[in-house]
Amino acid sequence: MVTNPLTLNLDTVHLTDEQFYQLCQNNQELKFERTPKGKLIIMPPVGGENGNREADLIADLVIWNRQAQLGYTFSSSTIFKLPNGADRSPDVAWIRRERWEALTPEQRRKFPPIAPDFVIELRSATDDLEMLRSKMQEYLDAGVQLAWLINPQQQQVEIYRPAKDVEVRNLPTELSGENILPGFSLNLADY
């Protein structure tokens, strides 16, 4: 059974950042995001295949990052407060060390007010492709430098870069972290 995200229109509620944080803390069994217009999105859990793929993606990035020591890697449990007011949790995220360490301890403890430098979204059976594409553009607008939308359903990956057209590749393919993640590559043969 495919379950779509539930979107609640909170136009008249106007949750503050602290109230949104407390809502997430008080309902940790649920995964929330918030759009720039304040709509609350309750994300369904992913199945075993997607959960395993997501873990593999995080592991590959963590292994590279432990060698490179250039930044910090984050899972889909991390919510980032983007400059447009949205609260988003990419499946995989990475932030350069100096940018992360410039945040205060309080900012790092809660929902960091920073756009990652790099994100990966892995489309699951419950994800609407157009909503994901819109989210990818939102990441770029917020300052993300490189973003990959992996779409196993259509056997494609979309590569997003600032001020460039989206590049679409068929799977399997090898992706490069380019100058954002120097030396990082990902072989998408199993997606």
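Leaving aside its neighbours within four places in sequence, which residues is Ser89 in contact with? Keep that question in mind as you open the viewer; the model in front of you is predicted.

**Stop 1: Ser89**

Select Ser89, which sits in the loop between strand E6 (87–88) and strand E7. Ser89 has a relative accessible area of 1%, so it counts as buried. Now show what surrounds it. Beyond the neighbours within four places in sequence, Ser89 is in contact with Lys31, Phe32, Glu33, Ser76, Thr78, Ile79, Glu121, Lys135 and Tyr139.

**Stop 2: the largest pocket**

Stay with Ser89 and bring up the largest pocket, whose volume is about 860 Å³. The pocket is lined by 42 residues, and those closest to its centre are Lys31, Phe32, Glu33, Met43 and Ser89. Next, colour the elements that each supply at least two lining residues: helix H1 (17–26), E2, E3, helix H2 (48–68), E8 and helix H5 (129–142). H5 gives the largest share of the lining, with five residues. By residue type, the lining divides into 18 nonpolar, 11 polar and 13 charged.

**Stop 3: the E2–E3 hairpin**

Select strand E2 (residues 31–34) together with strand E3 (residues 40–43); the two pair in the antiparallel sense over four bridges. Find Glu33 here, and you will see that its bridge partner in E3 is Ile41. E2 and E3 form a hairpin with five residues between them, and in the turn Gly38 has a positive phi of about 90°.

**Stop 4: helix H1**

Move to H1 and pick out Phe20, Tyr21 and Cys24, which are buried. These residues cover an arc of only 100° around the axis, so they lie on the same side of H1. The buried residues of H1 pack against E2, E3, E6 and helix H4 (105–109).

**Stop 5: strand E7 and its partners**

Now select E7 (residues 92–96). Four of its five residues are buried, so the strand is largely enclosed by the rest of the structure. Show strand E4 (residues 71–75), which pairs with E7 in the antiparallel sense over five bridges. Phe74 stands opposite Ala93 in this pairing. Then add strand E8 (residues 118–122), which pairs with E7 in the antiparallel sense over three bridges. There, Val92 stands opposite Ile120. As you look along the strands, remember that in a regular strand the side chains alternate between the two faces of the sheet.

**Stop 6: Trp100**

Go on to Trp100 in helix H3 (residues 97–101). Is this tryptophan, Trp100, buried or exposed? Its relative accessible area is 9%, so Trp100 is buried. Leaving aside neighbours within four places in sequence, Trp100 is in contact with Tyr72, Phe74, Ile95, Arg108 and Pro112. For a sense of distance, draw a line between the C-alpha atoms of Trp100 and His14: they are 86 residues apart along the chain and separated by 28 Å.

**Stop 7: backbone oddities**

Most residues other than glycine have a negative phi, and most peptide bonds are trans. Try Gln69 first: its phi is near 50°, a positive value. Gln69 lies in the loop between H2 and E4, and it is exposed, with a relative accessible area of 54%. Glu178 also has a positive phi, near 55°. Look for Glu178 in the loop between E12 and strand E13 (185–187); it is partly exposed, at a relative accessible area of 29%.

End at Pro172, in the loop between strand E11 (167–170) and strand E12 (174–176). The peptide bond from Leu171 to Pro172 is cis, with omega near 0°.

Conventions: Residues are numbered from 1 along each chain as its sequence is written. This is a predicted model: local features need pLDDT of at least 70, side-chain atom pairs count only at pLDDT 80 or more; totals for chains, interfaces and linings use all residues. Side-chain values use heavy atoms; hydrogens and water are left out. Buried means under 20% relative accessible area, exposed over 50%, partly exposed in between (1.4 Å probe, protein chains only). Two strands pair if DSSP finds at least two bridges between them. Contact means heavy atoms within 4.5 Å. On a 1 Å grid over the protein atoms alone, a cavity is a set of points where a 1.4 Å probe fits but cannot get out, and a pocket is an open set with protein on both sides within 12 Å along at least five of seven lines; lining residues have an atom within 4 Å of a point. Grid points are joined across faces, edges and corners, and a volume is the space filled by probe spheres set on the points. Ala, Val, Leu, Ile, Met, Phe, Trp, Tyr, Cys and Pro count as nonpolar, Asp, Glu, Lys and Arg as charged, and the others, Gly among them, as polar. The arc is that of the directions from the helix axis to the C-beta atoms.
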